[in-house]
Amino acid sequence: MSIVTRFAPSPTGLLHIGGVRTALFSWLQARRHGGKFILRVEDTDRERSTDEAVRVIVEGMHWLGLDADEGPYYQTQRFDRYAQVIGQMLAAGTAYHCFCSKEELEQMRADQTARKEKPRYDGRCRDRKAPVAGVAPVVRFRNPLDGEVVVHDLVHGDITFRNSELDDLIIARSDGTPTYNFCVVVDDADMGITHVIRGDDHINNTPRQMNMLAALGHTPPAYAHVPMILGPDGAKLSKRHGAVSVLQYEEEGFLPDALLNYLVRLGWSHGDQEIFTREEMIALFDIADVNKAASAFNPEKLLWLNQQHLMRATPAKVAPYLKAHLARLGLPTEDAPLIEGVILAQRERTKTLKEMAQASRFFFTDAFDSDPKAVAKHLTGDAKAMLATLRERLAALVDWQAPALHAAVEALATELGVGLGKIAQPVRVAVSGGTVSPPIDQTLALLGRERVLARLAAATG
């Protein structure tokens, strides 16, 4: 059997890390087994669905590199298909029209509550043949009254539901629009979904969906309901914890592979391994190995992993992401060797691409602000004389590479009888505007002869 998974977000809110982890698990399960991964946007809630949420889903999945083999499909473009299936179910007697008014349903629930019963639809229209004048009916699924539904969950194990506890849910509203649970069933059947991986908040929907699939003559897929992600304080993940749009992680300077590496470890493990490449995740992941327990979101761990990926990835792979952050600062991005050199120089000093770009402005423009305190402390009269001497020697260098530059600075320090830092720090302030940069020889090599000499001249003028 070829595995087919799907990620089916609802665009009623922005895609955040909980949804991304579900997408990742589904994508990995398909990739691991050479199957198919489908992206489906469940936008039947037209009042709450937004174009912005759809954009974040599509752009977020693209940025993450969770490429779909099919889709995105949109449920609002499949209404004709849903209407066709509802017609078939009405004809087969597996669905029926319900003419109960809102007031009638409210009274029914109030009576049940008074009897200390669980409020639920009691099936009073199951056998009603004649329509009710002036009432636009809904369509309900005729759920079996007896027996059990056993969900063979790949994460939680077997979960049993009694059919007597499942009421006849509405599958089409009075205006004819289909409902979520029904659309999911038709889509999963039509698209040949073999494995449904989703949050465990959907567990209670599953027996109803399985009964509808059976009524339509389809074998239910395998289900895996993954546990939720909690905040560091153990509470439900919220915006203050990190439940923000996935694209905000891009804006904050995280690498997609680092974010995916972090999320795969929330509920899944392979021994004590912490750092995974995308290829390793594909080779090792199996949904059956996901834990039942909820996982806690740890921002510091994510930052650490991001820096690990920055240090391990090739500069060429990181470069397109750094370019985006440089462009946001209005800096040029055409010098590919400089960008890759900056990545090598800065990746052990910065944890995010945003931080790297901000700390590297002076490499890409002469229009940077110098720190007045650093200038006052390090560019004194004696320091300026020293910098003027160094400038003369650097101007005479034939080899503008880090080792030769280091040797020139070190030779001057030896002649003057001072530590290397006594020269390096004034040079750093002169060429970068501050007291923090990569090692001075790397910094000078990356800036290039013309810029270094010009900045030293300006500092000593």
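This briefing covers one helix, several salt bridges, the largest pocket and one buried arginine. The structure is a predicted model. A search of the whole structure finds 29 salt bridges, and the largest pocket has a volume of about 1200 Å³. Arg 6 appears both in a network of salt bridges and in a list of contacts given at the end.

**Helix α4**

- Helix α4 runs over residues 102-114, and its 13 residues should span 18 Å at 1.5 Å a residue. The C-alpha atoms at its ends are 18 Å apart, which agrees with that expectation.
- Leu 105, Met 108 and Gln 112 are the buried residues to note in α4. They cover an arc of only 60° around the axis, so they sit on the same side of the helix.
- Lys 102, Glu 103 and Ala 114 are exposed on the other side of α4.
- The buried residues of α4 pack against strand β5, residues 138-141.
- Just after α4, Lys 116 has a positive phi of about 60°.

**Salt bridges between pairs**

- Side chains of opposite charge can pair when their charged atoms come close.
- Lys 36 and Glu 70 form a salt bridge in which the closest N and O atoms are 2.9 Å apart. This pair links distant parts of the chain, since Lys 36 is in strand β2 (residues 36-41) and Glu 70 is in strand β3 (residues 70-74), 34 residues apart.
- Lys 36 counts as partly exposed because its relative accessibility is 30%. Glu 70 is also partly exposed, with a relative accessible area of 25%.
- Asp 127 and Arg 142 meet through their side chains in a salt bridge of 4.0 Å, N to O. Asp 127 lies in the loop between α4 and β5, and Arg 142 lies in the loop between β5 and β6 (148-153), so the pair ties together parts that are 15 residues apart in sequence.
- Asp 127 is exposed, with a relative accessible area of 61%, whereas Arg 142 is partly exposed at 25%.
- Arg 265 and Glu 274 meet in a salt bridge of 3.5 Å, N to O. Arg 265 counts as partly exposed at 22% relative accessibility, and Glu 274 counts as partly exposed at 25%.

**A network of salt bridges**

- Salt bridges link Arg 6, Arg 40, Glu 42, Arg 78, Arg 81, Asp 187, Asp 188 and Asp 190 in a network.

**The largest pocket**

- The lining of the largest pocket is made up of 37 residues. His 16, Gly 18, Gly 19, Asp 201 and His 202 lie nearest the centre of the pocket.
- Strand β1 (4-7), helix α1 (17-32) and strand β9 (195-199) each supply at least two residues of this lining.
- Helix α1 gives the largest share of the lining, four residues.

**Arg 6**

- Arg 6 lies in strand β1.
- Is Arg 6 buried or exposed? Arg 6 counts as buried because its relative accessibility is 4%, and the limit for a buried residue is under 20%.
- Leaving out residues up to four places away in sequence, Arg 6 touches a number of others, including Ser 26, Phe 37, Ile 38, Val 184, Ile 193 and His 195. Arg 40 and Asp 188 are among the residues that Arg 6 touches, and both are also members of the network of salt bridges.
- Arg 6 and Phe 362 are 356 residues apart in sequence, and their C-alpha atoms are 46 Å apart in space.

Definitions and conventions: Residues are numbered from 1 along each chain as its sequence is written. This is a predicted model: local features need pLDDT of at least 70, side-chain atom pairs count only at pLDDT 80 or more; totals for chains, interfaces and linings use all residues. Side-chain values use heavy atoms; hydrogens and water are left out. The expected span of a helix is 1.5 Å times one less than its number of residues. Buried means under 20% relative accessible area, exposed over 50%, partly exposed in between (1.4 Å probe, protein chains only). The arc is that of the directions from the helix axis to the C-beta atoms. Contact means heavy atoms within 4.5 Å. On a 1 Å grid over the protein atoms alone, a cavity is a set of points where a 1.4 Å probe fits but cannot get out, and a pocket is an open set with protein on both sides within 12 Å along at least five of seven lines; lining residues have an atom within 4 Å of a point. Grid points are joined across faces, edges and corners, and a volume is the space filled by probe spheres set on the points.
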